[in-house]
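Visitor: I have a chain on screen and would like to learn how to read it. Please take me through the general ideas, one at a time.

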Amino acid sequence: MSKVKNRWLIALSGVGIHISIGSVYAWSNFTTPLSEKFKWTASEVQLTFSLAILFLGLSAAFLGHFVEKHGPRKAGILAAVFFGVGVAGSGLAVQLGSLPLLYVFYGALGGIGLGVGYIAPVSTLVKWFPDRRGLATGLAIMGFGFAAAISSPIMDSLIKSVGIANTFYILGISYFIVMLVSSLYLEKPKEGWAPEGYQEKVDSGKAAVAQDLSQLTANEAIKTKRFYYLWLMLFINVTCGIAILSAAKPLAQESIGMTTAEAAALVGVLGLFNGFGRIGWASVSDYIGRTNTYTTFFVLQIVLFFLLPNVTTTIVFEIMLAIVYTCYGGGFASIPAYIGDLFGTKQLGAIHGYILTAWAAAGLAGPLFAAWVKDTTGSYAESLTFFAALFIVALIVSFLARLDIRRLKREKGTDEQLRVEHF
């Protein structure tokens with residue numbers, strides 16, 4: 001018999017991949033140096049990041065089936081190759097002074113690595129942690145949230161000491177090594193595997209067996225209403241959250257009169273809440289249920305987004321933004337377990353990939369709308385009321401999802417056994 005791998009090391013491997021690819025959130029470190037060196041506009045440089053997020057969503061959708069067919073190890077290695085080449089190749093683009101080449105390497109190739117690397121560990125972790133799905137996926141996706149805080153000072157130091165091109169080379173090689181080593185440990189548990197002591201707890205009634213609402217393929221899942229409920233909930237949560245992330249600094253200056261330095265420091269600290277929210281809310285969802293968790297996101301943010309434009313007290317403003325950041329991160333971390341609850345683990349990676357197209361769409365819609373409102377009204381605050389109204393729509397969708405889940409549970413006739421949601 002082959003030795004069973006340590007599931008916590010599997011989770012750590014997922015964190016290693018996500019910390020590497022999550023460095024995309026620290027892209028702003030390159031904006032000013034590239035603009036000054038080549039006289040490219042901020043918009044031209046920022047488009048690199050937008051392309052990376054776009055290709056993240058597209059590759060997650062189109063390569064989700066690759067993850068399911070070939071397993072997490074091969075998928076992780078593929079992600080390491082694409083992301084490593086994408087980042088290192090960006091150094092060549094800088095040496096040649098080619099903006100289109102930067103788009104190809106970092107935006108397209110790096111973005112493909114992002115998408116595959118994001119979903120590769122997730123479906124595997126759900127299977128290794130049948131008792132704590134939210135915690136497991138939250139651990140890995142937490143790495144993505146914290147990555148910017150780790151990568152940002154490293155990037156800044158490297159750019160100053162070795163230059164932009166060499167920074168890309170060093171980072172590309174480093175990310176490739178970390179992702180490769182992490183991927184080599186990944187594998188699915190054997191059929192019927194359960195954590196030590198878990199079956200005994202089930203037999204004694206101390207633990208309930210998590211039974212999924214269904215076991216669907218990705219192509220079957222996209223034909224259901226609940227797939228689109230999840231897509232819309234994630235889209236709205238990310239659209240509104242990413243708009244706040246992109247405008248947090250000027251919003252802090254406008255609303256409560258922070259200086260540029262104070263606002264920048266606030267944004268850095270708040271970024272930690274993005275990471276904490278991922279592990280925190282995902283763990284909470286194991287106890288209160290996924291639909292209740294998303295409903296809580298929307299109720300909190302309806303209130304916060306309506307109140308934020310009128311807040312003048314610094315500490316209150318900071319606390320409110322911190323809660324928004326946790327909900328933003330928590331939405332990402334809770335969705336894989338939610339997918340497992342509703343569609344099963346048969347093709348969770350592929351379904352997750354389809355759902356992540358909501359991220360790609362929101363990554364474009366949120367910041368662009370917030371910027372348009374700023375240009376039109378002269379203030380970011382006006383967009384917050386619109387986003388609060390959008391959260392009302394999301395709240396309605398969460399209730400529709402709740403009703404659909406209840407209906408399906410009644411049809412199965414297993415209300416007492418299923419632990420998909422707590423009502």
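**Reading the chain**

Visitor: How much area does the chain expose, and what share of it do carbon and sulfur atoms supply?

Guide: Accessible areas come from the Shrake-Rupley method with a 1.4 Å probe, and for residues only the protein chains shown count as cover. The chain exposes about 17,100 Å², of which carbon and sulfur atoms supply 65%. This is a predicted model: local features need pLDDT of at least 70, side-chain atom pairs count only at pLDDT 80 or more, and totals for chains, interfaces and linings use all residues. Residues are numbered from 1 along each chain as its sequence is written, and side-chain values use heavy atoms, with hydrogens and water left out.

Visitor: What percentage of the residues count as buried?

Guide: Buried means under 20% relative accessible area, exposed over 50%, and partly exposed in between (1.4 Å probe, protein chains only). Here 57% of the 423 residues are buried.

Visitor: How many helices and strands are there?

Guide: Both are DSSP runs numbered from the N terminus: helices are H or I with at least four residues, strands E with at least two. The chain has 17 helices and zero strands.

Visitor: Which helix has the highest mean pLDDT, and which the lowest?

Guide: pLDDT is the predictor's confidence in each residue, from 0 to 100. Among the elements, helix H8 (residues 164-185) has the highest mean, 96, and helix H9 (residues 198-204) the lowest, 64. Over residues 414-421 the pLDDT is below 50. For the chain the mean is 85, and 92% of residues reach 70 or more.

Key:
Contact means heavy atoms within 4.5 Å.
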